[in-house]
Amino acid sequence: MTRGARALIVYPEFRGRAAASVDTAARLEEVRGLAFAIGLEVVDAIAIPIREARAGTLFGEGQIQNIDIACTQGEAELVIVDGSLSAIQQRNLEEKLKRKVIDRTGLILEIFGERAATAEGRLQVELAHLDYQAGRLVRSWTHLERQRGGFGFLGGPGETQIEADRRMIRDRMARLRRELDQVRRTRGLHRSRREKAPWPVIALVGYTNAGKSTLFNHLTGAGVMAEDLLFATLDPTMRRIRLPGVDKAILSDTVGFISDLPTQLVAAFRATLEEVTAADVIVHVRDIANPDSSQQKTEVLGILADLGLLEEDGTAPRVPIVEAWNKWDLLDTERAAELADRIKARSDEVIVPVSALTGMGCNELLEAVSKLLTQGARLHSFVLPVSDGQRLAWLHAHGEVVSEEDAGEDERGPLRRLEVRLEPRELGRFTRL
């Protein structure tokens, strides 16, 4: 698939499905964004109603003819089916349309393959791609039907080329998994080192193109790629920031979520999302100017539930969540007033209107996060020898020292008494020093 290729988008709209919660126009617009992200020129995007999927082609004969006509009129050389195609369906559609056909999974894999910047990201993408390809070796091409001869008199006909290809894919996937396991162990060491530090971790999550990277850049002064593209960034990025009342914290920008994320990618990128599970606070960045924002929130919460960050009922978070309603500057006055009233009515949730582009509300967002990080802090009294510089410095760096005074002497030398406000988590870490 080459950049600049002309593509026709086809969305199979299944009739009678209770799960048809996504607006068809919004779905088509999202796929346009995915195609644009990989440099394709979309000539048209159409929805085709389907009552019952055909096992061999998904679409009926008349519908395939209509797709062929649309391709001819738009001079499309690629057909993107915004759904899941079996290997047989993909091959049969290519034969009937005489054009390259890819499904939603293949399209997202193409984007991820182009965007992955780190060694880990490339490993994860290759593993996901091989997992996807393994089920597509269905004798689509003649060379897969050849047989490799055995040796000796008992060798038999040997293995077919398709069996050899599958074995090579399985071997490569096994090697990739071993390399990713090493990456996970390395990340675990880094995480345990941060826990000993200890700095609280704040993870930015949200639907792709919600503005996470723009907000990340504004809060940290970093130069993370931030464009109006789906999946503009894939690899997690971390920076140190300072919050009101919190001297040091780590802000993590993660991969954007999307509806119907391919299962291969969910599994492959679980290591990346592990940074979210280690977070002390999650900032859910929402594109509040998007008319499909509520459905996007449902998709994000579904992935957080899969990661074990929500209670079993799927609603109550196990980690504090702040909702950053981004792109507030794009709202008209009436819509902004309506959403402001909604924020007041939802007093049990922490919601902050922001504009990552202009910086509006960013200070309020940091204050809300800081409040969550310090809300469990309690006042503790410590008596330490002056010679224990490491623990004294730790208390000053990671707690709020309310008072400090001389406390006499003992066999260890001069003593200092400190009244320090600490989080339970930080108290536990201090006792392990």
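**Exercise 1. In what order do the strands of the open six-stranded sheet lie, and what is the pairing?**

Solution.
Step 1. Keep in mind that the model is predicted.
Step 2. Read across the sheet: the order is β6-β7-β5-β8-β9-β10.
Step 3. Check the directions. The pairing in this sheet is mixed.
Step 4. Find the edges. They are β6 (237-243) and β10 (350-353), and each of them pairs on one side only.
Step 5. Add the twist. Neighbouring strands here are turned by 25° against each other on average, with direction ignored.

**Exercise 2. Describe how β5 is joined to β8.**

Solution.
Step 1. Locate the strands. β5 spans residues 201-206, and β8 spans residues 281-287.
Step 2. Count the bridges. Five of them join β5 to β8.
Step 3. Note the direction: the two strands run parallel.
Step 4. Pick out one facing pair. G206 stands opposite V285 in β8.

**Exercise 3. Lay out the four-stranded sheet.**

Solution.
Step 1. Read the order of this open sheet: β2-β1-β3-β4.
Step 2. Check the directions. The pairing is parallel.
Step 3. Find the edges. β2 (41-50) and β4 (100-103) each pair on one side only.
Step 4. Add the twist. Neighbouring strands of this sheet are turned by 20° against each other on average, again with direction ignored.

**Exercise 4. Zoom in on β3 and β4, then place the helices that lie across them.**

Solution.
Step 1. Start with the strand pair. β3 covers residues 78-81, and four bridges join β3 to β4.
Step 2. Note that β3 and β4 run parallel.
Step 3. Find a facing pair: V79 stands opposite V101 in β4.
Step 4. Add helix α3. This helix takes in residues 87-97 and lies across β3 and β4. Its direction is at about 145° to β4.
Step 5. Add helix α4. Residues 104-115 form this helix, which also lies across β3 and β4. Helix α4 runs at about 90° to β4.

**Exercise 5. Summarise the chain as a whole: how many helices and strands are there, and what share of residues is buried?**

Solution.
Step 1. Count the elements. The chain has 14 helices and 13 strands.
Step 2. Take the burial. Of the 433 residues, 47% are buried, with buried set at under 20% relative accessible area.
Step 3. Take the surface. The accessible surface of the chain is about 21800 Å². Carbon and sulfur atoms account for 49% of that surface.
Step 4. Look at contact range. Consider the contacts between residues at least 6 apart in sequence: 68% of them join residues at least 24 apart.

Methods
Residues numbered from 1 in each chain as written. Predicted model: local features only at pLDDT ≥ 70, side-chain atom pairs only at ≥ 80, totals over all residues. Heavy atoms only, no water. Pairing = 2+ DSSP bridges. Axes fitted to C-alpha atoms, helices over the stretch in contact; angles between N-to-C directions. Contact = heavy atoms within 4.5 Å. Buried < 20%, exposed > 50% of the residue type's maximum accessible area, 1.4 Å probe, protein only. Areas by Shrake-Rupley, 256 points an atom, 1.4 Å probe, with all protein chains shown as cover.
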